[in-house]
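Trainee: Could you take one part of this structure and walk me through it closely? Please keep the steps short.

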Amino acid sequence: MNKPLANTLRSGPDGRGRFGDYGGRFVAETLMPCVLELEAAWEAARADPAWRTELDGYLKSYIGRPSPLWHAQRLSAQLGGAKIYFKRDELNHTGSHKANNCMGQILLARRMGKTRIIAETGAGSHGVATATVCALFGLPCTIYMGTTDIERQQPNVFRMKLLGAEVKPVKSGAGTLKDAMNEALRDWVANVRDTYYLIGTVAGPHPYPAMVRDLQSIIGEEARAQMLEAEGRLPDAAVASVGGGSNAIGLFHAFLDDPDVRLIGVEAAGRGLDTHEHAAALSGGRPGVLHGNRTYLLQTDDGQIEEAHSISAGLDYPGVGPEHAWLHDIGRVEYVAATDDEVVAAFQLCTRAEGIIPALEPAHALAHVVKLAPTMPKDGIILMNLCGRGDKDMATVARHLGVAL
Ligand SMILES: *Cc1c(COP(=O)(O)O)cnc(C)c1O
């Protein structure tokens with residue numbers, strides 16, 4: 001007998017780690033035992049109430065959850081349309097949503113008896129969050145980072161080193177996030193007995209996209225309850241920036257089965273979708289296989305992965321999580337894009353109107369909110385994930401505005 005169709009969009013992936021045609025585990029035979037061991041350990045941990053209680057304790061006392069919901073009144077008034085609410089995940093320890101994922105995975109690594117942690121990083125936010133939880137638990141930590149990124153993200157490189165991490169430069173390719181992830185996967189195959197690979201977004205082979213989503217879903221679960229408390233109803237739209245897609249799916253997942261809530265993911269249009277200088281895998285890419293899963297990728301006509309460009313290094317990834325690829329194709333989530341110029345304008349608007357300096361990544365979500373809010377009535381509600389703070393972006397914004405620091 002055929003199984004009845006599930007009446008939920010929240011139950012994926014299937015047993016093979018697929019979201020529709022996307023995801024899976026396209027890995028070398030040598031890596032297969034690693035991902036199977038990880039999947040079994042993750043299934044056991046998430047079903048263990050004692051483990052969940054331990055994680056909740058660290059999220060509360062170390063990371064600072066729950067993060068508040070903020071009604072951005074001056075911004076709403078200035079845009080002259082819907083009420084805008086920020087989910088303030090920039091207030092987490094280390095300054096972004098990355099900490100939610102790192103805390104969950106480090107506790108999993110400890111439960112698995114792993115004694116060495118490796119990770120990839122692009123802008124350095126995930127590297128810093130990983131080095132932070134490694135310092136907390138006294139675990140040695142190696143961060144792979146492309147040489148181009150090391151050069152443009154010096155403050156985060158220094159932070160990682162202060163926290164005790166070894167930062168390994170990756171020269172191959174363009175020396176960016178894609179290349180760092182390749183190196184980390186290589187290290188994992190060679191050292192799997194004692195090493196845990198802590199991936200920073202909803203990418204990689206199954207179970208990473210599902211596991212990172214589950215760990216980030218706390219964003220939307222909190223926001224959903226906070227929204228009901230503040231307004232007595234759900235928002236009309238929820239908006240988040242999309243790099244690999246972890247903060248976006250973290251916000252969206254709790255709302256996937258609420259058809260009246262529009263879900264909107266905002267990719268980086270960089271210098272424009274009609275140039276090759278953007279990072280919009282869903283708006284400007286097509287399906288292929290990278291880093292162990294099938295998803296939308298920026299690629300040339302003959303299938304070479306193209307370099308991504310965005311003003312925010314955190315969105316500079318040529319792929320996107322496979323669950324987003326599926327949600328894109330079935331039409332449950334709309335994916336749009338914002339250019340560098342729109343992003344810097346939104347960044348400045350938020351800073352002056354709300355006294356909050358956002359990271360350039362959530363400023364992409366904000367750039368879309370700036371377009372969307374005025375088209376909605378005054379009793380409309382937009383929920384936006386303010387997933388990171390802008391301290392790390394001062395030099396980039398100054399350069400874009402032609403200001404010397
Ligand atoms: C890393 C990062 C992103 C991009 O990653 P996602 O997995 O798409 O969330 C977005 N915002 C901030 C603040 C980040 O640090």
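Mentor: What follows is a close look at one helix, its surroundings and the ligand, with a few backbone details and a second helix after that. Keep in mind that this is a predicted model.

Start with helix α4. This helix covers residues 98-111, which makes 14 residues. From the first C-alpha to the last, α4 reaches 20 Å. That is close to the 20 Å expected at 1.5 Å a residue.

Is α4 enclosed or open? Twelve of its 14 residues are buried, so the helix is largely enclosed by the rest of the structure. The cut-off for buried is under 20% relative accessible area. The buried residues run through Lys98, Ala99, Asn100, Asn101, Cys102 and Met103, and then Gly104, Gln105, Ile106, Leu107, Leu108 and Ala109. After the helix comes Gly113, whose phi is positive, near 80°.

Now look at Lys98 again. Lys98 belongs to the buried residues of α4, and it is also among the closest residues to the ligand. In total, 16 residues surround the ligand. The closest are Lys98, Thr201, Gly243, Gly245 and Ser246.

Which side chains have polar atoms by the ligand's oxygen atoms? Take three of them. In the side chain of Lys98, an N or O atom is 2.7 Å from an oxygen atom of the ligand. For Thr201, a polar side-chain atom lies 2.6 Å from a ligand oxygen. For Asn247, the distance from a polar side-chain atom to an oxygen atom of the ligand is 2.9 Å. How much of the ligand does the protein bury? Taken alone, the ligand exposes 380 Å², and the protein buries 95% of that. The space that the ligand takes is the largest pocket.

Next, step back to the loop between β4 (83-87) and α4, where Thr94 lies. Thr94 has a positive phi, near 75°, and it is not a glycine. Its relative accessibility is 28%, so Thr94 counts as partly exposed. Arg88 lies in the loop between β4 and α4 too. At 16% relative accessibility, Arg88 counts as buried. The side chain of Arg88 also makes a polar contact with the side chain of Glu90, at 2.4 Å.

Set His291 beside Thr94. His291 has a positive phi of about 50°, although it is not a glycine. This residue sits in the loop between β11 (286-290) and β12 (293-297). His291 is buried, with a relative accessible area of 6%.

Two peptide bonds also deserve a look. The bond from Gly12 to Pro13 is cis, with omega near 0°. Pro13 is placed in the segment before β1 (18-19). Another cis peptide bond joins Arg65 and Pro66, and its omega is about -5°. Pro66 is found in the loop between α2 (49-63) and β3 (69-71).

Finish with a second helix, α15. Helix α15 covers residues 360-372 and has 13 residues. It reaches 19 Å from its first C-alpha to its last, close to the 18 Å expected at 1.5 Å a residue. Helix α15 is mostly covered, with eleven of its 13 residues buried. Among them are Leu360, Glu361, Pro362, His364 and Leu372.

Methods:
Residues numbered from 1 in each chain as written. Predicted model: local features only at pLDDT ≥ 70, side-chain atom pairs only at ≥ 80, totals over all residues. Heavy atoms only, no water. Helix = DSSP H or I, 4+ residues; strand = E, 2+ residues; numbered from the N terminus. Expected span 1.5 Å × (residues − 1). Buried < 20%, exposed > 50% of the residue type's maximum accessible area, 1.4 Å probe, protein only. Near = heavy atom within 4 Å. Polar contact = N/O pair within 3.5 Å; in protein donor to acceptor, adjacent residues only side chain to side chain. Areas by Shrake-Rupley, 256 points an atom, 1.4 Å probe, with all protein chains shown as cover. 1 Å grid on protein atoms, 1.4 Å probe; cavity = no way out; pocket = protein on both sides within 12 Å on 5 of 7 lines; lining within 4 Å. Sits in = over half its atoms within 2 Å of the grid points.
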